[in-house]
Amino acid sequence: MNTVLETCRRAAAAKQEIGTLGTQQKNAALLAIADALQANRERIKQANRQDIEAGRKNGLNEGLIDRLTLGDDRIDGVADGCRQVAALPDPVGEVTEMKVTPGGLKIGKKRVPMGVIGIIYESRPNVTVDAAALCFKAGSACVLRGGKEAFHSNLCLMQIMRDAVAACGLSPDILNLVEDTTHEGANVMMQANGLIDVLIPRGSARLIQAVVHTATVPVIETGVGNCHIYVDASADIDMALDILENAKCQRVSVCNAAESLLVHRDIAAAFLPKAKERLDQHSVIWHGCPETCAILGDSIIPATDEDYGTEYLDYEISCKVVDSTDDAIAHINRYNTGHSECIVTHDYFHAQRFLDAVDAAAVYVNASTRFTDGGEFGFGAEIGISTQKLHARGPMGLKELTSNKYIIYGEGQIR
C-alpha cells in the first residue's frame, strides 16, 4: 500500500501528461473506462457486498446503506456518466475573453487544468467514478480518498479505471485512490502543499468542517443540504404535495432532498393534513411548530431550533407555519446551508422576491429541489454542490474544475 504522500507524488508526476492530452485522447479513455466498468460489474458487486455486510454489522442506518449500494442500475449509471462527460465540450484551452489594450497588447483569458485535484468523501462509491471522470476530462490528475465504509468498492472501481487508462497507453497515476482511511492519513492529504492544487470535501457537515479547518491546501467547500420547501398562500395544493413528496422522499439520503417544510398560515389548515397523509405513505417523522402540532395532532414531535437546522438524510422533516413570504425567507436564511430552496406559489411577485432574497446556490419556483444535480443541469456527472461563493457555486461540472491563465500577445512592447 502506497503512503498518502507517495500517492500524491505519483499524481503530481502525472499531471503534466493529463494536462496536455487532446480532447480525443481523453474521450477515448473515458469511453474505455465506461466499458470496463460494465464488463466488470460482477467483480464490482462482489466488492460492494463486502462493504454492505460490514456496514450492517457496524450499525449503518438504511439511508447510508442506500448511499453505499452499487446495483446494476447504479453501475450502468456511473458508466453512462463517463460517456456523458466524454460527450461534453472540453473546457481546457477555451479562450473566454480577448481584448486589445491602448498600447496594442492582446490580452486573453484561457481555461487551464487545476493540476492535481484532491477529493475527500464518505460512503458513496459512485463518487469515485464521477470524480475521476470529471477530473480527467478537465485535464487534472486526481487523488481520491473515500471513507472506510466503501473501501472495497472504491478500491475495485479505481483498479478497473486505472487498468482501462493504462490500456489506452496513459499513465495509470492520472487516477489515484488513497488507501489509508485513517484520520491521520486524511490530515496528510489536507496538508500536501505543493502536491495537491485544490481539495474538495464531499459528505457530512462534520467532514466538510474538518477539512475546512485542517487543510492548508486550497479548499472548495461543498455543502450540507438543509433544503426547504415553502408553500405560499397562493400555491396549488396538488402541485405542492407532489413537489414535497418528491423532494423529501424520492431519495432521502442525498444533499438536495428537502429537510424542512414551511407553510403560509392562510393555507396551513387545508394543506398540512394532506401533506401528512402523503408523507405517511413513506412513514416520515414530523417535527413541528406549535401551529403544526395544533393542526396535525399528537403524532407531531415539537420542533426545536436544532430540528430546524438539521440535515436528517432520513424519513424525517421539520415543519413551521409562517405569516408571510418574508417570514419564510428569514427562516430559510437563518437555518439553511446555502444549498437548494423552493417556493411553491402562483404569485409572481412572491416568486421574484423569493428568488432575489434567498441566499442559496439554487433557488426554485414550483419545482423540486432534487434537480440540483450536475446531470440534471446538463453538466454531466458532477463533483459536488458548492455552497461557497468563491470560484464556483452550485453544481460543479467541468468548467468549475478548471482555472484560468492570462495569455498576452505583444509586438515588442515595453513598459
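**Exercise 1.** In this predicted model, determine in which strand Met98 is placed, and which residues make a nonpolar surface patch with Met98.

*Solution.* Step 1: Met98 lies in strand S1, which spans residues 95-100. Step 2: the relative accessible area of Met98 is 45%. Partly exposed covers values between the buried limit of under 20% and the exposed limit of over 50%, so Met98 is classed as partly exposed. Step 3: patch residues need over 30% relative accessible area. Together with Val95 and Tyr409, Met98 makes a nonpolar surface patch of about 300 Å².

**Exercise 2.** Establish how many disulfides the model contains, and state whether Cys82 is buried or exposed.

*Solution.* Step 1: a disulfide is a covalent bond between the sulfur atoms of two cysteines. The cut-off applied to a pair of sulfur atoms is 2.5 Å. Step 2: for Cys255, the closest cysteine sulfur is that of Cys227, at 7.0 Å, which is too far for a bond. Step 3: the count is zero disulfides. Cys82 is accordingly in none, and its nearest cysteine sulfur, in Cys142, is 11 Å away. Step 4: Cys82 has 1% relative accessibility and is therefore buried, whereas Cys255, at 21%, is partly exposed.

**Exercise 3.** Identify which element supplies the largest share of the lining of the second largest pocket.

*Solution.* Step 1: the second largest pocket has a volume of about 210 Å³. Its lining comprises 12 residues, and those closest to the centre are Asn2, Met158, Arg162, Leu177 and Glu179. Step 2: at least two lining residues come from each of helix H1 (4-19), helix H7 (151-167) and strand S5 (175-177). Step 3: H7 gives the largest share, with four residues.

Terms used:
Residues numbered from 1 in each chain as written. Predicted model: local features only at pLDDT ≥ 70, side-chain atom pairs only at ≥ 80, totals over all residues. Heavy atoms only, no water. Patch = residues over 30% accessible without salt bridge, like charges linked within 9 Å, V, L, I, M, F, W, Y side chains within 5 Å. Areas by Shrake-Rupley, 256 points an atom, 1.4 Å probe, with all protein chains shown as cover. Salt bridge = Lys/Arg side-chain N within 4 Å of Asp/Glu carboxyl O. Buried < 20%, exposed > 50% of the residue type's maximum accessible area, 1.4 Å probe, protein only. 1 Å grid on protein atoms, 1.4 Å probe; cavity = no way out; pocket = protein on both sides within 12 Å on 5 of 7 lines; lining within 4 Å. Points joined across faces, edges and corners; volume = space filled by probe spheres on them.
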